[in-house]
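Biologist: I am new to this structure. Please pick a single part, take me through it closely, and then show me how it fits with the rest.

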Amino acid sequence: MAPTAALVEATGLVKEFRRPRKAPGLAGALRHLVTRRFDVHRAVDGIDLRVDEGESVAYVGPNGAGKSTTVKLLTGILVPTAGEVRVAGVVPHRDRVANARNVGVVFGQRTQLWWDLPVQDTFELLRDMYRIPAADYRRSMDRLCEVLELGPLLPVLARKLSLGQRMRADLAAALLHEPRIVYLDEPTIGLDVSVKDRVRAFLRQLVADGTTVLLTTHDVGDIEEVCRRIVVVDEGRIRHDGPVDVLRDTLAGHSTVRFQLAAPAPLELIRERLPDAEVDTGAGERDLVVRFDRTLRPAGAVAAAVMALVEVRDLRIDDEGVADLIRRLHERDSPAALTGAG
Ligand SMILES: Nc1ncnc2c1ncn2[C@@H]1O[C@H](COP(=O)(O)OP(=O)(O)OP(=O)(O)O)[C@@H](O)[C@H]1O
């Protein structure tokens, strides 16, 4: 097999921010004006990351873990404090223009569309900015319009678009210049289920067509459906790096049903009925928590099994999110396995 080319290569990447240290109140603010003191915060703390051409990588972690900072280092918006980074052979912060040709960026909570212009005008501005030749622009537009069904959106002012329409237009804006790698930050946040499905299907196709994807998300469904590899970052360090498939079997795809019962939970009977589920009491003996693999049985079957044994007053179904996934990885991985990628 031909060796795959590294598209992203980061070694020992560090980014520190200086944060002003101020005592509270006016006196503190005044003192800070005279004697400025700062704390140094390491947002990225020695990251080694290699992403090969064509990979689809979920880059996940709790809030403040350093995900956006890493992406900003990869786009060249930030200069690393230490370490090295290359994207498609380019050092991003040294040559942001060359780097921009290779990368596309989509932020679910922000837009790169010109707010007061029709969508079409944003695309033409981007065409000129990236100097996309006319024939390439037409080909790219035709493809994106077809798969993202953009035709009816082209004459619409960006600010008039719904969230789902805006996301489709933003995806097109990031991909018009056919970048080799695209960074997506929460691309499905706030979208309703059917639009989410469309966006995920589009991203899967993008990966199938050879574009490399680095996806930041808090939605396990995005990871399961789009990515083949998951990198978990916490406190600026990589805590886990491996195939999504392995997690799918062992960790993800679980739901929890929380019941409020009319009587104490008959735990043994419920465990007999649901042998592959984790069954336990919650805060009190009339609270029951059943965690199960939703690929094995739907939540309705779990609820029915419990209702057949005990009177149920109330129930709530929670699908697990990335936060649960990370917590379980922490629990599962030994301290030795937490020292680096692998
Ligand atoms: N410009 C900045 N100046 C000072 N501190 C910063 C700056 N940017 C980020 N930080 C800090 O660095 C840490 C990592 O932030 P970052 O935005 O990379 O996290 P994140 O993993 O993307 O989080 P989220 O999921 O909330 O977006 C946080 O503690 C944040 O407060």
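Modeller: What follows starts with one helix and works outward.

This is a predicted model, in which local features need pLDDT of at least 70 and side-chain atom pairs count only at pLDDT 80 or more, while totals for chains, interfaces and linings use all residues. Residues are numbered from 1 along each chain as its sequence is written.

The part is helix 6, residues 163-175. Helices (H or I, at least four residues) and strands (E, at least two) are DSSP runs, numbered from the N terminus. Helix 6 has 13 residues, so at 1.5 Å a residue it should span 18 Å. The expected span is 1.5 Å times one less than the number of residues. The end C-alpha atoms of helix 6 are 18 Å apart, which agrees.

Now its burial. A residue is buried if 20 or more other C-beta atoms lie within 10 Å of its own, exposed if 12 or fewer, and partly exposed in between; C-beta atoms are placed from the backbone. In helix 6, the buried residues run from Arg-166 through Met-167, Arg-168, Ala-169, Asp-170, Leu-171, Ala-172 and Ala-173 to Ala-174. What covers them includes strand 5 (103-107) and strand 6 (181-185). Helix 4 (119-129), helix 5 (134-148) and helix 7 (193-208) are also among the cover.

Next, the core. A nonpolar core is a set of buried Ala, Val, Leu, Ile, Met, Phe, Trp, Tyr and Cys residues joined through C-beta atoms within 7 Å. The largest one has 64 residues, and Val-57, Ala-58, Val-213, Leu-215 and Val-231 touch the most other members. Helix 6 gives the largest share of this core, 6 residues. Another core, of 12 residues, lies apart from it and includes Ala-277, Val-279, Phe-292 and Val-306.

Take Ala-58 as a sample. Two residues are in contact if their C-beta atoms, placed from the backbone, lie within 7 Å. Beyond its neighbours within four places in sequence, Ala-58 is in contact with Leu-215, Thr-217, Ile-223, Cys-227, Ile-230, Val-231 and Val-244.

Last, the whole chain. It has 12 helices and 13 strands. Of its 342 residues, 33% count as buried. An automatic or database domain assignment sets the domain bounds. Domain 1 covers 54-68 + 91-250, and domain 2 covers 254-319. Their C-alpha centres lie 38 Å apart. Along the principal axes, the C-alpha atoms fill a box of roughly 70 × 60 × 55 Å.
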